[in-house]
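Work through these exercises with the sequence and the structure side by side. Try each task before you read its solution.

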Amino acid sequence: MEKMTFEQAIKRLEEIVDLLENNETALDDSVELFQEGVQLSQYCSKKLGNVENKVSKILIDGQLEDFDVEVENNE
């Protein structure tokens, strides 16, 4: 799974959802598909977290630094 791209993982997750929703999958197979789906979901979440960390930084003077956004309260 580690070699899988985010897009490939999402596509497989969609396939699993379709298989589980069609009610034609045997119970044992459904459990295995569900387990794979949970693993894929965790993998995608981790990938998104990594991207979020990268996006939250900005390149300044050749170094990546945290980019803080301040929101003014206009009440």
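**Exercise 1. Find out how much of the contact count comes from residues far apart along the chain.**
Step 1: take contacts, meaning heavy atoms within 4.5 Å. Step 2: keep the contacts with a separation of 6 or more; residues 24 or more positions apart account for 50% of these in the protein.

Two notes on the model. It is predicted, so local features need pLDDT of at least 70 and side-chain atom pairs count only at pLDDT 80 or more, while totals for chains, interfaces and linings use all residues. Residues are numbered from 1 along each chain as its sequence is written, and side-chain values use heavy atoms, with hydrogens and water left out.

**Exercise 2. List the elements in order.**
Step 1: use DSSP runs, numbered from the N terminus: helices are H or I with at least four residues, strands are E with at least two. Step 2: count 2 helices and 2 strands. Step 3: read from the N terminus to get α-α-β-β.

**Exercise 3. Check the span of helix α2.**
Step 1: the expected span is 1.5 Å times one less than the number of residues. Step 2: the 29 residues of α2 should therefore span 42 Å. Step 3: the end C-alpha atoms of α2 are 41 Å apart, which agrees.

**Exercise 4. Decide whether Ser30 is buried or exposed, and find what it touches.**
Step 1: Ser30 lies in α2, residues 27-55. Step 2: apply the classes, which use a 1.4 Å probe and protein chains only: buried is under 20% relative accessible area, exposed is over 50%, partly exposed is in between. Step 3: Ser30 is buried because its relative accessible area is 18%. Step 4: leaving out residues up to four places away in sequence, Ser30 touches Leu20 and Thr25.

**Exercise 5. Name the buried residues of α2 and part of their cover.**
Step 1: the buried residues in α2 are Ser30, Leu33, Gly37, Leu40, Tyr43 and Cys44. Step 2: recall that an α-helix has 3.6 residues a turn, so residues three or four places apart point the same way. Step 3: the cover of the buried residues of α2 includes α1 (6-21).

**Exercise 6. Classify Leu20 and Leu48.**
Step 1: Leu20 sits in helix α1. With a relative accessible area of 31%, Leu20 is partly exposed. Step 2: Leu48 belongs to helix α2. Leu48 is partly exposed too, because its relative accessible area is 48%. Step 3: the C-alpha atoms of Leu48 and Phe6 are 8.4 Å apart, though 42 residues separate them along the chain.
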